[in-house]
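Visitor: I am new to this structure and would like to know how the words used for it are justified. Could you take me through them one by one?

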Amino acid sequence: FVKSKKKCSQFPPGPKGLPFLGNILQMSKEYGNVFSVQYFWKKYVVLNGFEAMKDVLIDRSEDIADRPRFPIFETVGYTGENKGIVLARYGNSWKDHRRFILTTLRNFGMGKKSLEETVTEEAQYLCSAFMSKKGHPFNPHYLVNNAVGNIICLIAFGNRFEYDDHKFQQLLHLFDAALKAESGFLAQIVNEFPILTNIPWLVDRIMEPERNVFAFLKEMISEHKKTWNPNYIRDFIDAYLLEMEKVKEDSSSTFNEANLLLITNDLFGAGTETTTTTLRWALLYMILYPDIQSKVQEEIDQVIGRERKPTMGDVLKMPYTNAVIHEVQRSGDIIPLAFPHMTYRDIEVQGFFIPKGTSIITNLSSVLKDKHVWEKPLQFYPKHFLDENGKFVKREAFIPFSAGRRVCLGEQLARMELFLFFTTLLQQFTFEIPSDQPRPMEDPCYAFTLSPKPYNICAVARV
Ligand code: HEM
């Protein structure tokens with residue numbers, strides 16, 4: 001008891017000096033499952049491996065359900081109770097908005113037929129765009145990004161854009177630029193030294209793409225307000241405006257126009273790059289492992305055939321394809337450190353004491369690649385999700401969407417997109433490495449996300 005009490009008075013150990021993503025991912029080997037890193041004067045605690053993550057993120061998820069402050073985002077309006085959803089403190093505003101978004105997505109068909117049809121239709125547009133390349137090499141990144149971006153557009157604004165629409169291209173480009181700037185070094189410095197938000201040119205330099213995104217979204221919202229009809233709700237923005245109307249007498253409500261802007265921005269930010277990157281990994285693995293690609297196609301031919309469009313009802317009948325998609329997510333490991341959490345109360349983890357208000361990094365990568373859990377953690381190996389009879393097996397350590405209270409809110413939508421886009425593409429094409437190009441690399445580009453290095457493919461129509 002004395003030992004454990006003494007131990008419990010300790011803050012987790014860790015190295016000195018500034019960490020960066022690459023070495024946080026490596027540090028667990030040296031410092032164990034719970035360690036701290038110092039970033040300027042702020043301490044972060046990093047949780048690693050399946051056991052520690054299960055203990056806290058899953059079994060005691062409220063204890064770390066809060067989010068730390070991000071001063072750079074305060075400069076564009078993420079302030080007070082208006083913090084959108086991703087950066088919202090754990091409390092009533094977050095709870096009310098999370099419930100509202102999930103219900104609204106469900107009403108628009110999340111997990112139901114209509115959104116499924118929307119995704120299937122978009123997958124056909126994507127196939128037509130791939131077909132127009134006539135088997136010549138191209139980089140699939142932007143077409144995939146257009147298709148995935150359109151799903152959020154359809155949900156939020158009720159309409160899609162053609163892939164060559166200039167305004168849409170600009171918007172996607174701005175989202176990309178905003179994500180890069182906000183996860184870059186300058187933004188991190190400002191987050192650690194909030195006083196720097198008083199330097200206008202510095203803030204402008206980081207937040208200019210975000211401000212332009214906001215200008216676009218504001219225009220969309222004001223167009224919706226002009227044609228809004230409470231008896232005919234067309235999309236997410238309309239539904240939010242209706243909710244605002246319902247609670248307008250309630251002074252404590254945080255459903256207001258400022259938050260609508262932030263939430264819409266969050267849905268784009270969290271829902272586009274992630275799914276796009278996962279599909280880019282999927283196509284990369286298919287050209288690198290043609291045997292696996294053929295097996296997926298065999299299963300598609302058997303269960304769906306060449307004519308009928310894939311549906312979510314097919315997932316359970318397609319264990320191999322399902323295992324491949326899971327393995328793409330495990331191995332691709334696209335958000336290795338999730339988003340920062342913060343302790344909501346004092347907690348003890350594996351004998352260490354972590355006070356309320358401490359920033360927590362959940363190292364999802366260490367779970368998705370945990371050598372105590374996965375047979376071949378560093379290889380692309382779909383059998384991780386298959387038993388000896390070829391049946392699909394769920395794995396508890398599969399947490400690319402994180403887990404607990406702050407688990408990805410779009411998980412169901414993302415799973416639907418991944419399955420429908422992937423099977424539709426492989427039903428219609430075989431993907432190959434262009435004959436005059438070297439084998440693409442499997443190692444990722446490190447940013448906030450882990451994404452494949454740019455590569456070209458040939459999409460050969462299946463006959
Ligand atoms: C949060 C992964 C797609 C909306 C997250 C988190 C992860 C994640 C790791 C952080 C959870 C945490 O803080 O512990 C992914 C992956 C996706 C994906 C891998 C695709 C393959 C989507 C989509 C949407 C979405 C399509 C849009 C509807 C969100 C939101 C949050 C979130 C709103 C914040 C939740 C909160 O703080 O309560 N996602 N996501 N995500 N995701 Fe996703």
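Visitor: What volume does the largest cavity have?

Guide: In this predicted model, the largest cavity has a volume of about 700 Å³. It is lined by 36 residues, and those that lie nearest its centre are Ala-270, Phe-339, Cys-408, Leu-409 and Gly-410. The elements that give two or more residues to this lining are H5, helix H7 (141-157), H12, H13, H15 and H17.

Visitor: Why is that space called a cavity?

Guide: The word is used because a 1.4 Å probe fits there but cannot get out, with the protein atoms alone taken into account. The space taken by the ligand is this largest cavity.

Visitor: What makes Cys-408 a donor of the iron atom of the ligand?

Guide: A donor here is an N, O or S atom within 2.8 Å of the metal. The SG atom of Cys-408 lies at 2.3 Å, so it meets that limit, and Cys-408 is the only protein donor of the iron atom. Along the chain, Cys-408 lies in the loop between helix H16 (364-368) and helix H17 (411-428).

Visitor: How do you know that His-341 makes a polar contact with the ligand?

Guide: A polar contact needs a pair of N or O atoms within 3.5 Å. An N or O atom in the side chain of His-341 is 2.7 Å from an oxygen atom of the ligand, and therefore the pair qualifies. For Trp-94, a polar side-chain atom lies 2.9 Å from an oxygen atom of the ligand, and for Arg-406 the corresponding distance is 2.9 Å.

Visitor: Which residues of the shell around the ligand come nearest?

Guide: The shell has 24 residues, of which Arg-67, Arg-98, His-341, Ser-402 and Cys-408 come nearest. By class, 13 residues of the shell are nonpolar, eight are polar and three are charged, while H13 gives the largest share, three residues.

Visitor: What makes the lining of the second largest cavity mostly nonpolar?

Guide: Six of its residues are nonpolar, one is polar and none is charged. The lining consists of Thr-278, Leu-279, Ala-282, Ile-325, Val-328, Leu-418 and Phe-422; Leu, Ala, Ile, Val and Phe count as nonpolar, so Thr-278 is left as the polar residue. About 50 Å³ of space lies in this cavity.

Visitor: Which classes of residue line the second largest pocket?

Guide: This pocket, with a volume of about 870 Å³, has ten nonpolar, eleven polar and eight charged residues in its lining. The largest share, four residues, comes from H2.

Methods. Residues are numbered from 1 along each chain as its sequence is written. This is a predicted model: local features need pLDDT of at least 70, side-chain atom pairs count only at pLDDT 80 or more; totals for chains, interfaces and linings use all residues. Side-chain values use heavy atoms; hydrogens and water are left out. A residue is near a molecule or strand if one of its heavy atoms lies within 4 Å of it. A polar contact is a pair of N or O atoms within 3.5 Å; within protein, one must be able to donate a hydrogen and the other to accept it, and residues adjacent in sequence count only if both atoms are side-chain atoms. On a 1 Å grid over the protein atoms alone, a cavity is a set of points where a 1.4 Å probe fits but cannot get out, and a pocket is an open set with protein on both sides within 12 Å along at least five of seven lines; lining residues have an atom within 4 Å of a point. A molecule sits in a cavity or pocket if more than half of its atoms lie within 2 Å of its grid points. Donors are N, O and S atoms within 2.8 Å of the metal (3.2 Å for Na, K and Ca); water is not among the atoms, so sites may look incomplete. Grid points are joined across faces, edges and corners, and a volume is the space filled by probe spheres set on the points.
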